[in-house]
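User: I'm new to reading structures, and I keep meeting words that nobody explains. Can we go through some of them and check each one against its definition?

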Amino acid sequence: MAKKLLLPEHVKDAVVRRYNGTHRDWLFGSGDWPIAFVLGAPTETEVMADLPAVQSWAHAWRKWSGPATVEFETKKWARLGSQDLPTRLVICSPGDVASLCGQEKRWAKAVERKDALLALWPSLATSAKLGRYFDVLADYEHTDFERLVAVVQWLEANPASNLYIRQLPIVGVDTKWLEKRQALVAEILSLVRGSEMVGDFFEVTGLKRLPHRVRVIVLCPELRRLVGGVRDFEAPIEDVMQLELTPKRVLVVENHACATALGDMQGCVAFAGLGKAVGVLRRVPWAKVIPAVYWGDIDTHGLVILNSAREALPGLRSVLMDASTLLEFKELAVHEAVQAVESDLEHLTATEAELLDGLKSGRWGLRPRVEQERLPWTVVEAALSEAGLERVY
C-alpha cells in the first residue's frame with residue numbers, strides 16, 4: 001500500500017489514544033472541535049505503483065459508518081483522470097469520540113453526573129481538577145454516587161460540626177462507607193469550596209477523629225498502684241498523657257504478644273504495637289525525659305519504625321536489631337514480603353543504617369526478616385537486662 005494511508009482500524013486506534021489521554025479534560029469543556037484525522041494523500045505515482053491497495057483503502061472509507069464524517073477530495077491526474085479519495089475523518093464532539101471508542105455509556109453517565117454537580121455547585125465549572133474524577137462520575141454505582149453527593153452537601157453546610165464519622169445524620173451513609181472514601185470526599189469538598197489544596201480529611205471536613213489509643217503495660221509493681229493495680233490497658237493518648245506516672249525506663253515493643261510476655265521490671269512502663277504511629281509518644285511528657293529502649297523486628301519496616309521512635313524519644317536505644325543478631329538467628333528468618341521504601345532515615349545510628357542497607361541490598365540473602373517473637377526468650381531477657389531493664393523476681 002502507498003505510504004501513510006490509514007485504514008479505519010488504524011484511525012480508530014489513534015482515536016482511542018486521543019480519548020484515553022484527554023477525555024477528562026473534555027468533560028469540562030476543553031479542546032477545540034471538531035477534530036480531524038488525516039487519512040492520507042497519495043500521489044498519482046504512488047497510486048499507480050500499488051493500485052489495488054489504494055482502491056481497497058478508498059473503498060474501506062466509502063463504507064464508513066459511525067458518528068464521524070469522512071471527507072473526500074477530487075484529484076485530477078493526467079494518467080488516472082479524476083479520482084475521489086478520502087482525506088480526513090472529522091469528529092464533531094467528545095461524545096462522538098467516546099462512541100467510536102465504545103465508551104458512549106460511560107461518557108454519557110459522566111456527563112449526566114457532571115451536570116448534576118454543576119447544578120448544585122456552579123463554581124465547579126471553573127475547576128480544572130474535577131475532570132480527574134471522571135471514573136467516579138462514570139462508574140460509581142447509583143447509590144454510592146448519591147451518598148457521595150449527600151455527604152459533600154452536608155459537610156459543606158456544616159463545616160465545623162466536630163462530630164465523629166459515626167454520628168453523621170446522613171441517610172444511607174455508614175461509617176465504613178465514608179472511612180473508605182475519606183480522600184475522595186476531602187478532595188471534592190475542597191473543590192466545592194474553591195480550594196485547589198487538599199489537607200487532612202478531618203481538618204477539611206470539620207469532623208472529629210477518634211482518639212489514638214495506646215497500649216500500655218505497667219511492668220513495675222510499685223507504679224501499678226498509681227493506676228489502680230492495672231498492669232495492661234489501652235487508653236486514648238490524651239488520657240495516657242495525663243497519667244501521673246514516674247517511671248525510670250520506657251520500653252517500646254512492636255509485637256503485642258512479646259510485650260505481654262514480659263516479666264515485671266523495676267520502674268518500667270512499656271508501650272506496645274504502635275507501628276508507624278509510634279511518633280505519638282512525643283506527646284507523652286513523662287516518656288520524653290527518661291531513658292527509652294526499642295525492640296522490634298529485624299526488617300526494613302522495623303528500622304523505619306525505630307527511626308520514628310527515636311525521633312519522638314531522643315536518645316532511645318535499640319536492642320536485638322543489629323546484623324550480629326540477624327546472623328546468629330538467620331535460620332529463624334523468613335522473607336519480608338515487601339520492603340519499606342523509605343530512605344535517608346536520619347535518626348538511625350550508623351550500625352542500624354548499615355543493617356538497613358544490608359537488608360535492602362541482599363547482603364544476607366533475599367529480604368531476610370527475623371521476627372522478634374522468634375528469638376529465644378533467654379536471649380531477649382539478657383539483652384533487656386543489659387539495656388538497664390532489670391527483672392523483678
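Strands and their partners

User: Which residue is the bridge partner of L251 in β8?

Analyst: L251 has V293 as its bridge partner in β8. Before we go on: this is a predicted model, where local features need pLDDT of at least 70 and side-chain atom pairs count only at pLDDT 80 or more, while totals for chains, interfaces and linings use all residues. Residues are numbered from 1 along each chain as its sequence is written, and side-chain values use heavy atoms, with hydrogens and water left out.

User: What makes β6 and β8 a pair?

Analyst: Two strands pair if DSSP finds at least two bridges between them. β6 and β8 (residues 292-295) have four bridges, in the parallel sense, so they meet that rule. The strands themselves are DSSP runs (E, at least two residues; helices are H or I, at least four), numbered from the N terminus.

User: Which other strand does β6 pair with in the parallel sense?

Analyst: That's β7 (residues 268-272), joined to β6 over five bridges. One of the links has V253 with A272 as its partner in β7. Between the two strands the chain passes through helix α13 (residues 256-261), in a right-handed β-α-β crossover. Right-handed means that, with the strands pointing away from the viewer, the path from the first strand over the helix to the second runs clockwise.

User: Why are β5 and β9 called edge strands?

Analyst: Each of them pairs on one side only. The order in this open sheet of six strands is β5-β4-β7-β6-β8-β9, and the pairing is mixed. At the β5 end, β4 (residues 213-218) runs antiparallel to β5, with five bridges between them. I217 and D232 in β5 are bridge partners there.

Helices, inside and out

User: How do you know that the span of α5 agrees with what a helix should have?

Analyst: The expected span is 1.5 Å times one less than the number of residues. For the 17 residues of α5 (residues 104-120) that gives 24 Å, and the end C-alpha atoms are 25 Å apart, so the two agree.

User: What makes its buried residues line one face of α5?

Analyst: Buried means under 20% relative accessible area, exposed means over 50%, and partly exposed is in between (1.4 Å probe, protein chains only). In α5 the buried ones are W107, A110, R113, K114 and L117. Down the axis they fall within an arc of 140°, so they sit along one face; the arc uses the directions from the helix axis to the C-beta atoms. K105, E112 and A119 are exposed on the other side of α5. The buried set packs against α1, α4, α6 and α7, where contact means heavy atoms within 4.5 Å.

User: Why is α14 called largely enclosed?

Analyst: Count the residues: 10 of the 13 in α14 are buried, so the rest of the structure largely encloses it. Among them are L303, I305 and R310. The buried residues of α14 pack against β8, β9 and α16.

Cysteines and unusual angles

User: Why is C220 not bonded to C268?

Analyst: A disulfide is a pair of cysteine sulfur atoms within 2.5 Å. The C220 sulfur is 8.4 Å from that of C268, its closest cysteine sulfur, so that's too far for a bond. The whole structure has zero disulfides.

User: Is C220 buried or exposed?

Analyst: Buried: its relative accessibility is 1%, against the limit of 20%.

User: What makes phi of L320 worth a look?

Analyst: Most residues other than glycine have a negative phi, and most peptide bonds are trans. Phi of L320 is near 55°, which is positive, and L320 isn't a glycine. L320 lies in the loop between β9 and α15 and counts as buried at 10% relative accessible area. D344 also has a positive phi, about 50°, but D344 is exposed at 74%.

User: How do you know that the peptide bond from W33 to P34 is cis?

Analyst: Its omega is near 0°. P34 is in the loop between α1 and β1.
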